[in-house]
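Got your viewer open? Here is a short walk through the model, one selection at a time.

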Amino acid sequence: MSSSLVTAVAGIDPPLQEQPELSVSSAVKSITGLVNGFFEWFGSLGIFLWQVLRATVTPPYEWRELIRQLDEVGSKSLPLVALAGSAVGVIISLEARYSLSRFGAKSMFPATLVYTVIQVMGPIITGLVVSGRVGAGIGAELASMKVTEQIDAIEASAINPYRLLSATRILACILMLPLLTIAADACGLLTGWFAQAMVEPLSFHQFIASGFKGATFNAFLPPTFKTAVYGLIIGLIACFQGMRTHGGAEGVGRAATNSVVLGSLFLILADVVLVKFILVVFP
Amino acid sequence: MKQGKVKKDGSAPFVAVENLRKSFGSHTVLNGISLSVGRGETLAVLGRSGTGKSVLLRLIIGLEKPDSGSICIHGRNIAGLALDQMGEIRKKMGFLFQHAALYDSLTVAENVAFPLVHHRAEMSRSERTNRVRELLAEVGMEGDLDKMPSDISGGMQKRVGLARALALEPEILLLDEPTAGLDPISSGEIDDLILKLQRERRMASIVVTHDLHSARTIANRLALLDQGNVVIKGKYEDLDQSKIEFVKEFLKLS
């Protein structure tokens, strides 16, 4: 997207030279520029995705770098994701207890917590947390490599930078997001149960039995594995923003910010589509 | 396929550029230049800042695509080749970037080993380690294997960049401003290093520089660019005897 649209979404003041003049013709130019920028951005993203796909399926494969990225994306995000999941579990527990009590439906608490955490909050919170941590990290790292010609040096050494840098990071995000979501869900359920048990006696066994009563795999697996799509979005946007950076330190900062903002935005929009898709395909 | 012109000794040039044009938007950087370099030769490309010298090297290594013209490497025109077709060509070339472009998350030794890890998979770890030590010893950096790029000076980074560029035994060496930003003593050391490597390896080299003294030291031939055109090319004596105003001005002020 043109930088004006992005900075508007991200809430960042544009650089001074981008300040628009105030006139009808400049307004028309701005709108035309926005539209052109919108299509240019998506077109470039499509070309980038195609280059990454081709690089992913043709040897030689970068296994060592992929394993390193699995650690970077997965292991190092785990503490933050677990903490976020735990906090969400407590919040839902407190809110659900209050709401259900008002309607005389306290017995529904375990199922409410389980379904809310696993189907809704666990995936989206994990996605947003990882988008912030990993998206910014990848965007800044690749942007820094771009402005210091390190990516050019990789290409000049007859190594495909799309394969070495982008494909590995995107694959790592796709593979790790569902696992991190499971971790977030587990922490959320545990802390949610604990918050409830502090107020009313409820054994963990009772909580699990009641919460998962009548549940099928269709209720929980699709919402968990949809996060693989989140991983694709986070990795793709971050790598794309990083590898097309220009403009020195300012460009690196912009790439990091755009990676997080656009990654989070597209993740939420994708969730709307995915939720509907899951409800239709897995009724 | 367009072939490079055959030289007087009957050999084809390793690198032959013909009628090369490149523009960025409305700004024409290269306006139909033609150059060639053979085995064991060093061509210095001189000119003012912003005259397209670095762009020429980026076109030869394939980091940019020309608007028109040909770039022949061993007689093969690479001007229209895609990224995955350039691999075998690039393995024959070594490129030293202006600021060395070392991978800042890797040590000095890991930087030099990088091309070997990816392209010499048949080498054992110990063979690779020995090869890295040899390369760093050639450039006088054998005592700094475990240092990070941020821990060494600009001149030392260039030496490591040069060692990395030589890792795959290239036939063609491209050097972008090898002495830029260095003090006179360090510049002299880099020049001596390039001369030594050239004597030993007999690569076809193209050095982009605005340092006339360095160019005279290391190059067999020089080419002077101005506004996207080759104003003059030949030995230093040809430039010195030229009546062209720009050439006289450039030599006087260098």
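How many of the 283 residues of chain A count as buried? The figure is 43%, where buried means that 20 or more other C-beta atoms lie within 10 Å of the residue's own (12 or fewer makes it exposed, anything in between partly exposed, and C-beta atoms are placed from the backbone).

Before you click on, some ground rules. This is a predicted model, in which local features need pLDDT of at least 70 and side-chain atom pairs count only at pLDDT 80 or more, while totals for chains, interfaces and linings use all residues. Residues are numbered from 1 along each chain as its sequence is written, and chains are lettered from A and ligands numbered from 1 in the order in which they are written.

**Stop 1: chain A**

Select chain A and switch to cartoon view. You'll find eleven helices and zero strands (both are DSSP runs numbered from the N terminus: helices are H or I with at least four residues, strands are E with at least two). The C-alpha trace spans about 65 × 55 × 35 Å along its principal axes. Now think about contacts, meaning residues whose C-beta atoms, placed from the backbone, lie within 7 Å. Among contacts in chain A between residues at least 6 apart in sequence, 87% join residues at least 24 apart.

Next, pick out helix α2 (residues 24-57) and helix α7 (residues 161-197) of chain A. They pack at an angle of about 95°, with their axes 9 Å apart. (Axes are lines fitted to C-alpha atoms, for helices over the stretch in contact, and angles run from 0 to 180 degrees between N-to-C directions.) So α2(A) and α7(A) are roughly perpendicular to each other; that label covers 65 to 115 degrees, with under 35 roughly parallel, over 145 roughly antiparallel and the rest oblique.

Which residues of α2(A) meet α7(A)? Show Q51(A), V52(A), A55(A) and T56(A) as sticks, then add their counterparts in α7(A): Y162(A), R163(A), S166(A), A167(A) and I170(A). By class, this contact has five nonpolar, three polar and one charged residue. (Ala, Val, Leu, Ile, Met, Phe, Trp, Tyr, Cys and Pro count as nonpolar, Asp, Glu, Lys and Arg as charged, and the others, Gly among them, as polar.)

**Stop 2: where the chains touch**

Show both chains. The contact takes eleven residues from chain A and 16 residues from chain B. On the chain A side there are four nonpolar, four polar and three charged residues.

**Stop 3: chain B and its six-stranded sheet**

Now hide chain A. Chain B has nine helices and ten strands, and its C-alpha atoms fill a box of roughly 55 × 40 × 40 Å along the principal axes.

Look for the open sheet of six strands, in the order β6-β7-β8-β3-β9-β10 (chain B), with mixed pairing. Strands pair here if DSSP finds at least two bridges between them. β6 (93-96) and β10 (229-234) of chain B stand at the edges with a single partner strand each, so one side of each has no neighbour in the sheet. The twist averages 15° from one strand to the next.

Zoom in on β3 (residues 42-47) of chain B, where six of six residues are buried. T42(B), A44(B) and L46(B) point one way, and L43(B), V45(B) and G47(B) the other. Four bridges join β3(B) to β8 (residues 204-208) of chain B, running parallel, and five parallel bridges join β3(B) to β9(B). Click V45(B): its bridge partner in β8(B) is V208(B), and in β9(B) it is A223(B). From A223(B), hop on to K233(B), its bridge partner in β10(B).

**Stop 4: the second sheet and its helix**

Four strands of chain B form another open sheet, antiparallel, in the order β2-β1-β4-β5. The edges are β2 (27-37) and β5 (76-77) of chain B, each pairing on one side only. Helix α1(B) packs on this sheet, touching β1, β2 and β4 of chain B, with its direction at about 115° to that of β1(B).

Is α1 (residues 53-61) of chain B mostly covered or mostly open? Mostly covered: nine of its nine residues are buried, including V55(B), L56(B) and L57(B). End your tour just past the helix at G62(B), whose phi is positive, near 90°.

Conventions
Two residues are in contact if their C-beta atoms, placed from the backbone, lie within 7 Å.
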